Amino acid sequence: MKEKNIIKIKRYESPCGILMLGSFGDKLCLCDWQVEKHREHVDKRLKRLLRAEFEEGMSDVIGEAARQLDEFFAGKRKEFTVPLLFVGTEFQKIVWNELLKIPFGQTISYGEMAQRIGMSKAVRAVANANGANSMSIFAPCHRIIGSDRSLTGYAGGLPAKKYLLELEANNE
């Protein structure tokens, strides 16, 4: 029987909630909120697509991700350099890679995001892909807001989204 791949996972306590960090090989494949209602769905997707099981533990990538998150929350980091592994459909990967282009401290709407990827009619699909993002903070889906500038759904909860946007606004 073929051996299963391993996704190393470790809890990270941020000032606005507990995150689960995960690494696969030498890349970060997970930074997701513990309270997240999609957690089980995200976990199943990662395990299925990577043909892997979770194992509690530390890796160099998780250590580096935690260090960079510490700096981010301390207001000392605006960009991340941890290598990321996006695990999802091609469309989801397009959306998640577009998230990486939104500058620190700025926000755009789901509609603007759809336009940026050349699919202006795909607002709902863009919103769904954002909701499936398993790389919170590193792929900054908290920077996506409603077209009326309101804070809309966020995996970590709206208080966490508000916290992250205020942290960035205060450290621009």
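**Chat: cysteines, sheet and Asn 130**

Q: Why isn't Cys 29 bonded to Cys 31?
A: The sulfur of Cys 29 is too far away for a bond, since the closest cysteine sulfur, in Cys 31, is 11 Å off. A disulfide here is a pair of cysteine sulfur atoms within 2.5 Å. This is a predicted model, where local features need pLDDT of at least 70, side-chain atom pairs count only at pLDDT 80 or more, and totals for chains, interfaces and linings use all residues. Residues are numbered from 1 along each chain as its sequence is written, and side-chain values use heavy atoms, with hydrogens and water left out.

Q: How many disulfides in the whole structure, then?
A: The search finds 0. Cys 16 is in none either, with the nearest cysteine sulfur, that of Cys 31, 10 Å away.

Q: Is Cys 29 buried or exposed?
A: Buried, because its relative accessibility is 0%; buried means under 20% relative accessible area, with a 1.4 Å probe and protein chains only.

Q: Switching topic: what's the strand order in the sheet?
A: β3-β2-β1-β4, an open sheet of 4 strands with mixed pairing. Strands are DSSP runs of E, at least two residues, and helices are runs of H or I, at least four, numbered from the N terminus. Two strands pair if DSSP finds at least two bridges between them.

Q: Which strands are at the edges?
A: β3 (27-33) and β4 (52-56), each pairing on one side only.

Q: How many bridges join β1 to β4?
A: 5, and the two strands run parallel. Ile 6 stands opposite Glu 53 in β4.

Q: And where's Asn 130?
A: In helix α5, residues 123-131. Asn 130 counts as buried because its relative accessibility is 5%.

Technical notes
Buried < 20%, exposed > 50% of the residue type's maximum accessible area, 1.4 Å probe, protein only.
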